[in-house]
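Colleague: I should like to learn how to read the features of a protein model. May we work through an example together?

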Amino acid sequence: MNQLQGKVALITGASKGLGQAIALAFAREGAALALCARGELALHTVATECRLLGAEVLAVPADVANPADRERLVSLTLARFGGVDVLVNNASTLGPTPLPLLTDTDPEAFEDVIRVNLVAPFLLSRSVVGGMLLRGSGIVINVSSDAAVNGYPGWGAYSAAKAGLDGLTRVWAAELAGSGVTVASVDPGDMDTEMHRAALPDDDPAALARPEQVAPAFVLLAAGGAPGSRLEAREFMEKVGR
Amino acid sequence: MIAVETEFPLLPAGLRAPRPAERRGIRRDHVRLLVIDRETETVHHSSFDRLGDVLRPGDLLVVNSSRVLPAGVRAVRASGQVIQLRPCVRRDGSWDALSVQAGPPFENIPLAGGETLRIGETAVLVVGRRPDIPLLWRLRVESACDLDLILRHGEPIRYSYVPEPLPLDAYQTVYASKPGSAEAPSAGRPFTWELLSALRRQGVGLAEVVLHTGLSSFQDDDFDEEHHLFEEWFEVGPETARAVNDAGRVVAVGTTVVRALESAATWEGRVLPAQSWTRLAIGRERPPRAVGALLTGLHEPQASHFDLLRAFVREPLLRRAYAEAVEQGYLWHEFGDSALII
């Protein structure tokens with residue numbers, strides 16, 4: 001139960017869906033948490049739930065795509081906890097739904113998706129990796145998607161951003177090899193979340209995994225480092241016998 | 001207060017680096033490096049990324065991992081006048097801050113004891129002037145988290161030779177991880193992780209201290225020349241203390257590191273873990289005991305910084321080095337070139 005005792009985890013997009021499930025799972029395992037999301041009320045609810053599980057929690061309402069918000073998130077976290085051991089870049093956006101074809105995609109919406117799903121994870125990682133390298137330990141986990149490797153109609157902006165994020169993950173991992181800092185991306189698979197319902201309203205929720213079933217993969221990664229740079233959550237769990 | 005006589009000519013204004021290396025078209029680690037060799041009494045010219053040429057296995061680089069805050073904080077007076085507060089010393093919701101104009105030339109704006117300012121929605125009470133440094137105002141900040149207030153309402157402190165505002169990120173070192181400085185500990189700014197990793201592979205150690213900087217200027221030339229000292233918070237952890245005591249040669253990256261390590265040093269030069277306030281001034285009267293070499297930015301001879309350099313280098317050699325740096329067009333200040341006193 002205490003796999004993350006003594007560790008500090010910064011989780012973006014922590015107010016709902018997978019981010020919320022990861023926050024709760026990390027709290028159960030003894031991690032101290034810095035949680036961020038745009039929705040203040042939902043964020044504080046999750047923060048309270050985590051505190052009830054015994055975790056020390058810093059909740060920072062912030063938009064990861066906004067540079068000043070990012071600096072506030074990073075500095076408040078570092079000032080409160082002294083460092084970050086685990087960064088989970090989970091916050092992401094689909095852009096406008098119903099999902100448009102590329103030919104019909106609004107240019108600003110496209111850029112917005114890239115900013116939130118690709119640029120923000122890069123810049124947040126860059127802000128915390130320096131401290132991790134000084135200490136010689138840490139892990140960054142980027143939440144990917146099967147849209148990163150498959151061409152699903154309507155998923156253009158999201159797909160491009162997640163493919164870019166996978167590319168970043170591979171390069172980070174190669175550049176940081178041997179430093180004690182690892183970077184991995186995880187494809188959590190299809191889950192029953194608000195985002196999934198917005199993208200594919202006709203899917204049967206009963207056929208989908210629940211976020212709390214996937215969160216343990218993140219606990220294992222955070223506790224033990226990454227066996228490779230791109231993981232599918234389900235396969236990873238099978239591999240480690242859970 | 002320390003009086004410093006300087007017979008140095010003024011620095012030509014054109015040599016003040018107006019923006020970071022990356023915005024001048026070169027990598028941050030490609031700034032120039034002036035190497036001042038005390039043993040051979042020679043000065044030679046290199047590039048920052050060639051630092052490995054002059055360091056040897058067993059050397060220990062000690063960096064200041066303090067992260068800069070946007071410490072020019074927008075505040076509003078009861079009259080509606082917008083000012084900028086620059087907290088120099090912060091403790092427990094109490095600031096000793098400079099009060100200046102909200103934009104260039106950022107001249108001092110006197111406040112009144114007892115008046116209330118606002119930073120966003122937060123009330124700030126002006127208690128009065130700080131007795132020993134009257135340009136600083138004692139302020140009581142009615143906020144549970146004054147750091148959040150600074151991060152929400154501040155911008156990086158900027159001096160007149162930097163023509164346009166820069167994002168805070170431009171001021172950070174690549175290892176900045178302990179938020180708290182009012183101004184960038186800029187000596188380490190040219191480091192890239194590529195260079196740091198290469199130096200590590202070469203057998204050069206790397207350790208961190210924290211010293212949160214206060215203000216380098218009170219925006220008043222005459223007052224600045226009097227070199228008023230104020231306290232700054234520093235931390236030297238047990239691992240760093242051990243590494244320093246075991247190192248062949250301790251290379252401080254910046255004068256902030258010198259102050260932190262020397263504040264934690266016994267008179268024989270052994271460093272003990274410490275975290276405290278310091279107002280230690282290193283100079284010829286108090287030479288360094290633990291630090292052996294210094295990597296630093298280039299700052300004007302008038303700056304108090306200079307007295308510290310004289311604790312490392314005999315003055316004739318230092319004067320020669322400075323003259324060569326000016327002649328060769330080295331760039332000065334936080335975005336400029338570097339010097340290594342080895």
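Modeller: The turns below go through chain B, its sheet, one loop residue and the side facing chain A, and the model is a predicted one.

Colleague: Where should a reader begin; how many helices and strands are there in chain B?

Modeller: Chain B has 7 helices and 18 strands. Its C-alpha atoms fill a box of roughly 60 × 45 × 40 Å along the principal axes.

Colleague: How compact is chain B for its length?

Modeller: The radius of gyration of chain B is 20 Å, close to the 20 Å expected from the globule rule for 342 residues, so chain B is as compact as a globular protein of that length. Of these 342 residues, 46% count as buried. Among contacts between residues at least 6 apart in sequence, 72% join residues at least 24 apart.

Colleague: How does one read a sheet, and in which order do the strands of the open sheet run?

Modeller: In general, the strands of a sheet pair through backbone hydrogen bonds, in either a parallel or an antiparallel manner. In chain B, 9 strands form an open sheet with mixed pairing, in the order 2-1-18-17-15-3-13-14-16. Strand 2 (42–47) and strand 16 (274–278) of chain B stand at the edges; each has a single partner strand, so one side of each lacks a neighbour in the sheet. On average, neighbouring strands of this sheet are turned by 20° against each other, direction ignored.

Colleague: In which sense do strand 1 and strand 18 of chain B pair?

Modeller: Strand 1 (residues 32–37) and strand 18 (residues 338–341) of chain B pair in the parallel sense over 4 bridges. Within this pair, Val35(B) stands opposite Leu340(B) of strand 18. Helix 7 (residues 315–327) of chain B packs on the sheet, where it touches strand 1 and strand 2, and its direction makes about 160° with that of strand 1.

Colleague: Is Pro156(B) buried or exposed?

Modeller: One counts the C-beta atoms around the residue; 20 or more within 10 Å make it buried. Pro156(B) has 21 such neighbours, and therefore counts as buried. Pro156(B) lies in the loop between strand 11 (154–155) and strand 12 of chain B. Its contacts beyond four places in sequence include Val68(B), Pro70(B) and Tyr171(B). Leu69(B), 87 residues away in sequence, lies 6.9 Å from Pro156(B), C-alpha to C-alpha.

Colleague: Finally, how many residues of chain B are in contact with chain A?

Modeller: There are 17 residues of chain B in contact with 12 residues of chain A. Helix 1 of chain B gives the most to this side, with 4 residues. The residues on this side of chain B divide into 10 nonpolar, 2 polar and 5 charged.

Technical notes:
Residues numbered from 1 in each chain as written. Chains lettered and ligands numbered in written order. Predicted model: local features only at pLDDT ≥ 70, side-chain atom pairs only at ≥ 80, totals over all residues. Contact = placed C-beta atoms within 7 Å. Helix = DSSP H or I, 4+ residues; strand = E, 2+ residues; numbered from the N terminus. Nonpolar A, V, L, I, M, F, W, Y, C, P; charged D, E, K, R; others polar. Pairing = 2+ DSSP bridges. Axes fitted to C-alpha atoms, helices over the stretch in contact; angles between N-to-C directions. Rg over C-alpha atoms; globule rule 2.2 N^0.38 Å. Buried ≥ 20, exposed ≤ 12 C-beta atoms within 10 Å, placed from the backbone.
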